[in-house]
Amino acid sequence: MTAEQKEFLARINNYANQVMGDIDPQKVRVSVQLDNLRPIMEEIAAEKNMSLTDVFIMYMDLQSEASLRSEQKLKEELQDINQGDGTPFLFR
């Protein structure tokens, strides 16, 4: 992920924390969450001369990539636990 992509993702995630910090994403419909993110996505789209759809797609791609990296990092950190007493620690 490039520095520009990291900044893009951080900008949207920081906004999300401000406007949706107290909601449970498992209980709030995705469409409602996206409606809450629409203002920042529209702002970025205007700044970068992109369509709102392109900003949304980029956000989803980068968020997926970041989630995968976080999961991989956690698996690597937990790998040491699996080398302990022989009882496997399962991660899902």
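**A friendly note on a three-helix model**

1. Let us start with one residue: Met58 is partly exposed, with a relative accessible area of 29%. The cut-offs explain the label: 29% is not under 20%, which would make Met58 buried, and not over 50%, which would make Met58 exposed. Please keep in mind as you read that this is a predicted model.

2. Where does Met58 lie? Look for Met58 in helix 3. Not counting residues up to four places away in sequence, Met58 touches Phe8 and Met50. Gln5 is worth finding too: Met58 and Gln5 are 53 residues apart along the chain, yet their C-alpha atoms are separated by 8.8 Å.

3. Now step back to the whole chain. There are 3 helices and 0 strands, and reading along the sequence gives the pattern α-α-α. Of the 92 residues in the chain, 17% are buried. The accessible surface of the chain is about 7000 Å², and carbon and sulfur atoms account for 50% of that surface.

4. How do distant parts of the sequence come together? Take the contacts between residues at least 6 apart in sequence: 47% of them join residues at least 24 apart. Asn13, in helix 1, offers an example to trace on screen. Leaving aside neighbours within four places in sequence, Asn13 is in contact with Tyr59 and Gln63. Asn13 and Tyr59 are 46 residues apart along the chain, and 9.5 Å separates their C-alpha atoms. Like Met58, which is partly exposed, Asn13 counts as partly exposed, with a relative accessibility of 22%.

5. Next comes the core. In soluble globular proteins, nonpolar side chains tend to be buried together. Which residues touch the most other members of the largest nonpolar core? They are Phe8, Ile12, Leu37, Met41 and Tyr59, out of 14 residues in that core. Helix 1, helix 2 and helix 3 each supply at least two residues of this core, and helix 1 gives the most, with 6 residues. Ile12 is a good place to zoom in: apart from neighbours within four places in sequence, Ile12 is in contact with Leu37, Ile40, Met41, Ile44 and Tyr59.

6. There is open space to explore as well. Rolling a probe the size of a water molecule over the atoms shows where empty space is left. The largest pocket has a volume of about 370 Å³. Its lining consists of 15 residues, and Met20, Pro25, Gln33, Leu37 and Tyr59 are the ones nearest the centre of the pocket. Leu37 and Tyr59 also appear among the core residues that touch the most other members. Helix 1 (3-20), helix 2 (30-48) and helix 3 (52-82) each contribute at least two residues to the lining. By type, the lining has 9 nonpolar residues, 6 polar residues and no charged ones.

7. Finally, have a look at Asn49, in the loop between helix 2 and helix 3. Most residues other than glycine have a negative phi, and most peptide bonds are trans. What is the phi of Asn49 near? Phi of Asn49 is near 55°, a positive value in a residue that is not glycine. Is Asn49 buried or exposed? Asn49 is exposed, because its relative accessible area of 73% is over the 50% cut-off.

Technical notes:
Residues are numbered from 1 along each chain as its sequence is written. This is a predicted model: local features need pLDDT of at least 70, side-chain atom pairs count only at pLDDT 80 or more; totals for chains, interfaces and linings use all residues. Side-chain values use heavy atoms; hydrogens and water are left out. On a 1 Å grid over the protein atoms alone, a cavity is a set of points where a 1.4 Å probe fits but cannot get out, and a pocket is an open set with protein on both sides within 12 Å along at least five of seven lines; lining residues have an atom within 4 Å of a point. Grid points are joined across faces, edges and corners, and a volume is the space filled by probe spheres set on the points. Helices (H or I, at least four residues) and strands (E, at least two) are DSSP runs, numbered from the N terminus. Ala, Val, Leu, Ile, Met, Phe, Trp, Tyr, Cys and Pro count as nonpolar, Asp, Glu, Lys and Arg as charged, and the others, Gly among them, as polar. Buried means under 20% relative accessible area, exposed over 50%, partly exposed in between (1.4 Å probe, protein chains only). Contact means heavy atoms within 4.5 Å. Accessible areas come from the Shrake-Rupley method with a 1.4 Å probe; for residues, only the protein chains shown count as cover. A nonpolar core is a set of buried Ala, Val, Leu, Ile, Met, Phe, Trp, Tyr and Cys residues joined through side-chain atoms within 4.5 Å.
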